[in-house]
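Subject: Structure handover

Hello,

Here is the structure we spoke about, with notes on what turned up in it. Please have it open while you read.

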Amino acid sequence: MTLHIDLHAIVANWKALAAKAPGARAAAVVKADAYGLGAARVATALYEAGTRDFFVALAGEGRALRPHLPTDARINVLSGHMEGADLTGLVPVLNSLEQFFRDRTMRPGKPFAIQLDTGMNRLGLEPADWAAIKAEALAAKPDFIMSHLACADEPDHPANAAQLTVFRQMTDGCDVPRSLSATGGILLGPDYHFDMVRPGIGLYGALPFADAQPVVRLSLPVIQTRSVQPGEFVGYSATWTADAPRRIATVAAGYADGILRAISSKGASLYAGDAPCPIVGRVSMDLITADVTDLAQVPLTLDLICPAQSFDRLAEYAGTIGYEILTSLGHRYNRAYR
Ligand SMILES: *Cc1c(COP(=O)(O)O)cnc(C)c1O
């Protein structure tokens, strides 16, 4: 089972997104182990390409990444300063009054950033909280002030402009770098770029960055092939029955590897190059079965994620988003980097 990860494509996607926000620094979001692709390798490649600002979700992720990056790389922790967190060498993005006072008491003089809530109601200081500490926070010179858009993947959603207005109201006149946009916000245009942008999913080749270069190819070894006769079924609960003589290949990967069982019977295929081999029967824990009747020769591996079938398309079959497919991919794969 090999997850091929193209670091050149990740760098190219970072550069392409950075070029869409020419007035802003482009950071890179590498939380959840770089969306499952390996934060140390991904962040190192991006550092070499010029990225200096990285985002992780948790202090533990930041501590794991810290030794892999030179000291001029800033690693920002989106969950901020939680009780007991070890933030050595990291920059907490402070989300509440409680975090602000904890951090300024325990880490005076150390770098920090501020997150404001502009309508998503998930993380960040609300306008009244911000007003209460604004002067004190600005005097301590935060690295940047940020907020996050809830609906940036829907360009016409009125929440985008509403959040932009609130962000401006809360930060205009603060002499501090500002950051509002992830991948979706970068594509909304220059009003949303401010001083730093924070792409994640677009780096990894997925929507909403439709022009992204593909980054991931997932190749699964064929364990066995067999013939089935009309009337014979394949897999758990006998959900698929052959209507003619067919050849079936069984490959080594399943829902324990993040290949969601919900893609079963939705039209997904394994691919031999460009040739689709429809997945038949249920995806089980460690195995997938596909109809390879039309192949002249069955190769050693079949691809589940490849140019012919993006993980965004798999996400559609599963009724979810590419982010969930990617971050679910799990630890049994050999991750091979180009
Ligand atoms: C995950 C995240 C990002 C990156 O979002 P993408 O949609 O993957 O580009 C940026 N900012 C914050 C606060 C996030 O939580």
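P208 sits in the loop that runs between β10 (196–197) and β11 (216–228). The peptide bond leading into this proline, from L207 to P208, is cis, with omega near 15°. Please keep in mind that this is a predicted model.

Two residues have a positive phi without being glycine. One of them is S237, with a phi of about 65°. S237 belongs to the loop between β12 (233–234) and β13 (240–241). Its relative accessibility is 56%, so S237 counts as exposed, the cut-off being over 50%. The other is D33, where phi is positive at about 55°. D33 is part of helix α2 (residues 31–35) and is partly exposed, with a relative accessible area of 36%.

The remaining notes concern strand β4 (residues 53–56) and its neighbours. Strand β3 (residues 28–29) runs parallel to β4, and two bridges join them. V29 has F55 of β4 as its bridge partner. Strand β5 (residues 74–77) is also parallel to β4, joined to it by four bridges. Here D53 is partnered with R74 in β5. Between β4 and β5 the chain passes through helix α4 (residues 59–65), and this β-α-β crossover is right-handed.

Which residues of β4 lie on each side of the strand? D53 and F55 are on one side, F54 and V56 on the other. In a regular strand the side chains alternate between the two faces of the sheet. In β4 both faces are covered, and these four residues are all buried.

Regards

Note on methods
Residues numbered from 1 in each chain as written. Predicted model: local features only at pLDDT ≥ 70, side-chain atom pairs only at ≥ 80, totals over all residues. Heavy atoms only, no water. Buried < 20%, exposed > 50% of the residue type's maximum accessible area, 1.4 Å probe, protein only. Pairing = 2+ DSSP bridges. Right-handed = clockwise from strand over helix to strand, strands pointing away.
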